[in-house]
Amino acid sequence: GGTIPYVKHHDDFAQRCANYVAASRGGCHIWIIGNEPNLTNEWPGYEGFIEPITAARYVQCFLKVRAKIKAVAGHSGDQVIPAAVGTWAVLPETGDWIDYWKYLLNNLNGKCDALAVHTYTHGVDPNLIFSDVKMITPAGRYYHFRAYKDYLNAVPSAMRGLPVCPALRLISRLL
């Protein structure tokens, strides 16, 4: 029912995340909270009402989850990472993907341990990772793999020392 739940369930979700961390075995200390929250297919809607995950709602939830995870014994130093934003999405409810990303980063108030970015190609040709092709709308944004530059250029100066976890994918189709 969504990458994060309805706002009314954020406190319960944060506690469930902390319970999961506490019960996890194997020494995991890196947690990414959600996936592409700006995309409609990631919004909660199982109760019959779809609730957009605006940047403000995501930040609110992330901060609750992060605080709960950091409070788990042995996990105060864990990396709790905000979800990678869905690249090339422009929706009325969430706006442009880079503006969404900027809002997230600027409103985490320093409570972020690393960054995750999604960047792709539009096709199966491996050379597309080197493409400098840019979009017409929004103007000047990279169309392929180098979209990571748009994300990194939007990172506030105070967060530029954080590790970046790339979530890379080549988008392809079987012919």
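## Strands S1 and S2

Isoleucine 33 stands opposite proline 82 in S2. S1 (residues 30–33) and S2 (residues 79–82) pair in the parallel sense, over four bridges. Two strands count as paired if DSSP finds at least two bridges between them. Helices (H or I, at least four residues) and strands (E, at least two) are DSSP runs, numbered from the N terminus.

Side chains alternate along S1. Trp31 and Ile33 point to one face and are buried. Ile30 and Ile32 point to the other face and are not buried. Buried means under 20% relative accessible area, exposed over 50%, and partly exposed in between (1.4 Å probe, protein chains only).

## Basis of the model

This is a predicted model: local features need pLDDT of at least 70, side-chain atom pairs count only at pLDDT 80 or more, and totals for chains, interfaces and linings use all residues. Residues are numbered from 1 along each chain as its sequence is written, and side-chain values use heavy atoms, with hydrogens and water left out.

## Helix H3

H3 covers residues 97–107. Its buried residues are Trp97, Ile98, Tyr100, Trp101, Leu104 and Leu105. Seen down the axis, they fall within an arc of 155°, so they line one face of the helix. The arc is that of the directions from the helix axis to the C-beta atoms. Their cover includes helices H2 (55–70) and H4 (147–153), and strands S3 (90–91), S4 (95–96) and S5 (115–122). Contact here means heavy atoms within 4.5 Å.

Aspartate 96 caps the N-terminal end of H3. One of its side-chain oxygens lies 2.7 Å from the backbone nitrogen of isoleucine 98. Just after H3, asparagine 109 takes a positive phi of about 50°.

## Aromatic pairs

The whole structure holds six aromatic pairs. Rings of Phe, Tyr and Trp (its six-membered ring) pair if their centres lie within 6.5 Å; planes under 30 degrees apart count as stacked, over 60 as edge-to-face and the rest as tilted. Tyrosine 58 and phenylalanine 62 are stacked, at 6.1 Å centre to centre with 25° between the planes. Both lie in H2, four residues apart, about one turn of the helix. Both are buried.

Phenylalanine 145 and tyrosine 148 have ring centres 5.5 Å apart and planes at 55°, so this pair is tilted. Tyrosine 148 is partly exposed, at 27% relative accessibility. Ring pairs also link Trp88, Tyr120 and Tyr143 into a cluster.

Note on methods
Polar contact = N/O pair within 3.5 Å; in protein donor to acceptor, adjacent residues only side chain to side chain.
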